[in-house]
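Work through the exercises below with the sequence and the model side by side, and try each task before reading its solution.

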Amino acid sequence: MSPRKPDADVPPGLLLVDKAPGMTSHDVVARARRVLSVRKVGHAGTLDPMATGLLILGVGAATRLLGLVGGRDKTYEATIRLGQTTVTDDREGESLTTTSAAGVDDDAVRAALAAQTGPLQQVPSSVSAVKVAGRRSYDRVRAGETVELAPRSVTVHRLEVRGITRPTPDLVDVDVTVDCTAGTYIRAIARDAGAALGVGGHLTALRRTASGPFDVTRAGPVEEAAAALAAGGGPGVLPLTEAAATVFPVRAVSAEEATALAYGQRITATGIAGPHAAVDPAGRLVALVEDAGATARVTVGFPPAS
């Protein structure tokens, strides 16, 4: 067996990718790995193959930020079709039922969607990526199993109806913008609003436009963003320190404090709750630190060789 080829020397950072339709999140990661010749690449916040828009990738040491980045609020633009249900609650699934929505007026549509705002107990689609006893729900469904997922607490902060059209006399299409917590399923909103109206519903289009402080307007195709990172920066690229500073308050630390943090030692508390990005005099991210009493401790370290 030939030895595994070492990773290319690529600086750590986040890639802001505008995902194309038809690709899984894993496909996007695989393409970035090929362009960069780096194995350590991950993503935050899965997007379904049908969906487009912002997918955040971490490269190298920046993968340590992904768990903190992925849990932020999201913004989506979507199209909900009322009058049909599918097995996946989106247009890629087999059709289950067709019920005329001709008698559903615009006010009823708006009221049903307004009911899908605020704190919700939302049941994910059975073909979601939720794990059941260690396996993805969609894998179990594809293997012929019947899966019933437990409701989960989510919050829809805002659901704006941008337009209502009727492509046929029996169907209603609703364009919406949704601001929500991480883990919210937009196709479940389509399913539940359709059920409340008695005609069924599913999602025909979905685009993520923002995740926390990151916006799709700064994103690019995965190959271009990866190539820019390899070249030292450009559109769709956030170097490690800039990436952390976009998410967390920055705490400038002295060279002595940076050395202490590198050894896992504590430094003086910040006096402000929550994680901070500790940045040394050279502008390098040393660690994420958080107060623990009178001192601040390392929660995530970024050694110089990372």
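**Exercise 1: the surroundings of helix H5**

Task: find which residues of H5 are buried, and which elements those residues pack against.

Solution. In H5, the buried residues are Ile 186, Arg 187, Ala 188, Ile 189, Ala 190, Arg 191, Ala 193 and Gly 194, where buried means under 20% relative accessible area, exposed over 50% and partly exposed in between, with a 1.4 Å probe and protein chains only. Before going further, note that this is a predicted model, in which local features need pLDDT of at least 70 and side-chain atom pairs count only at pLDDT 80 or more, whereas totals for chains, interfaces and linings use all residues. Residues are numbered from 1 along each chain as its sequence is written, and side-chain values use heavy atoms, with hydrogens and water left out.

The next step is to look outward: the buried residues of H5 are in contact (heavy atoms within 4.5 Å) with strand E4 (74-82), helix H3 (106-114), strand E7 (118-122), strand E10 (152-168), strand E11 (171-180) and strand E12 (201-211). Helices (H or I, at least four residues) and strands (E, at least two) are DSSP runs, numbered from the N terminus.

As a check on length, the twelve residues of H5 (186-197) should span 16 Å at 1.5 Å a residue, and the end C-alpha atoms are 17 Å apart, which agrees; the expected span is 1.5 Å times one less than the number of residues. After H5 comes Gly 198, with a positive phi near 80°.

**Exercise 2: the buried side of helix H6**

Task: explain why the buried residues of H6 lie on the same side of the helix.

Solution. Begin by listing the buried residues of H6 (222-230), which are Val 222, Ala 225, Ala 226, Ala 228 and Leu 229. They cover an arc of only 160° around the axis, which puts them on the same side of H6; the arc is that of the directions from the helix axis to the C-beta atoms. These buried residues pack against strand E1 (13-19), helix H1 (25-36), strand E3 (52-59) and strand E14 (237-239). Gly 232, just after H6, takes a positive phi of about 105°.

**Exercise 3: the five-stranded sheet**

Task: establish the strand order of the open sheet of five strands, and then locate helix H7 on the sheet.

Solution. The order is E15-E17-E18-E19-E16, with mixed pairing, two strands being paired if DSSP finds at least two bridges between them. The edge strands, each pairing on one side only, are E15 (250-252) and E16 (267-268). Helix H7 (240-247) packs on the sheet, touching E15, E17 and E18, and its direction makes about 25° with that of E18; the axes are lines fitted to C-alpha atoms, for helices over the stretch in contact, and angles run from 0 to 180 degrees between N-to-C directions.

Now follow the pairings of E17. Three bridges join E15 to E17 in the parallel sense, with Val 250 opposite Ala 277, whereas E17 (276-279) and E18 (285-292) are antiparallel over four bridges, and His 276 has Val 289 as its bridge partner. E17 and E18 form a hairpin with five residues between them, and Gly 283 in the turn has a positive phi of about 85°.

Lastly, consider the side chains. In a regular strand the side chains alternate between the two faces of the sheet. Accordingly, His 276 and Ala 278 point one way from E17, Ala 277 and Val 279 point the other way, and all are buried.
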